[in-house]
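Welcome to my notebook. I am opening a new structure today and will jot down each thing I look up.

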Amino acid sequence: LCLANFEDISSIHCKLLLSHNQFVIKDIDSTNGTFLNGARVINNCPVSSGDELTLASNKFKIFIREN
């Protein structure tokens, strides 16, 4: 996912991965941090639908559609 026009988000900020049927988020040594539900992401953190992802000062709501 490319997020243009966000000056405080690093060019390679974080990764969203699918591991063992669970989405996880991993910070990629970003300058301003990656936060999931207010907690700083240090290692791979499980992500669920409805979680709040904060990249620097920008907040995003995560929605995961199940098939």
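Which strand holds F23? I looked it up and found F23 in strand β2, which covers residues 22-27. I also note, before going on, that this model is predicted.

**Entry: the surface around F23.** F23 has a relative accessible area of 30%, so I put it down as partly exposed. Next I asked which residues join F23 in a nonpolar surface patch. L16 and L18 do, and the patch made by these residues and F23 comes to about 290 Å².

**Entry: the core.** I then turned to the inside. How many residues make up the largest nonpolar core? I found nine: I9, I25, L36, V41, C45, V47, L53, L55 and I62. I picked L53 from this list and looked up its contacts, leaving out residues up to four places away in sequence. L53 touches I25 and I62, which I had just written down as core members. My contact list for L53 also has T34, F35, N58, K59 and F60.

**Entry: the cysteines.** How many disulfides are there? My count is zero. For C14, the nearest cysteine sulfur is that of C45, and it lies 11 Å away. A disulfide needs the two sulfur atoms within 2.5 Å, so this pair does not qualify. Looking from the other end, C45 is likewise in no disulfide, with the sulfur of C14 as its nearest at 11 Å. C14 is partly exposed, at 24% relative accessibility, while C45 belongs to the largest nonpolar core.

**Entry: charges.** Side chains of opposite charge can pair when their charged atoms come close, so I searched for such pairs next. The whole structure gave me one salt bridge. Which side chains meet in it? They are those of K59 and E52, with 3.7 Å from N to O. I checked how open each partner is: K59 is exposed, with a relative accessible area of 60%, and E52 is partly exposed at 29%. K59 was already in my notes as a contact of L53.

**Entry: a loop residue.** Last, I looked up S49. Where does S49 sit? It is in the loop between β5 (45-46) and β6 (52-55). S49 is partly exposed, with 43% relative accessibility. Not counting residues up to four places away in sequence, S49 touches I62, F63 and I64. Of these, I62 is also on my list for the largest nonpolar core. I also noted S30, 19 residues from S49 along the chain: the C-alpha atoms of S30 and S49 are separated by 23 Å.

Methods:
Residues numbered from 1 in each chain as written. Predicted model: local features only at pLDDT ≥ 70, side-chain atom pairs only at ≥ 80, totals over all residues. Heavy atoms only, no water. Core = buried A, V, L, I, M, F, W, Y, C linked by side-chain atoms within 4.5 Å. Buried < 20%, exposed > 50% of the residue type's maximum accessible area, 1.4 Å probe, protein only. Contact = heavy atoms within 4.5 Å. Patch = residues over 30% accessible without salt bridge, like charges linked within 9 Å, V, L, I, M, F, W, Y side chains within 5 Å. Areas by Shrake-Rupley, 256 points an atom, 1.4 Å probe, with all protein chains shown as cover. Salt bridge = Lys/Arg side-chain N within 4 Å of Asp/Glu carboxyl O. Helix = DSSP H or I, 4+ residues; strand = E, 2+ residues; numbered from the N terminus.
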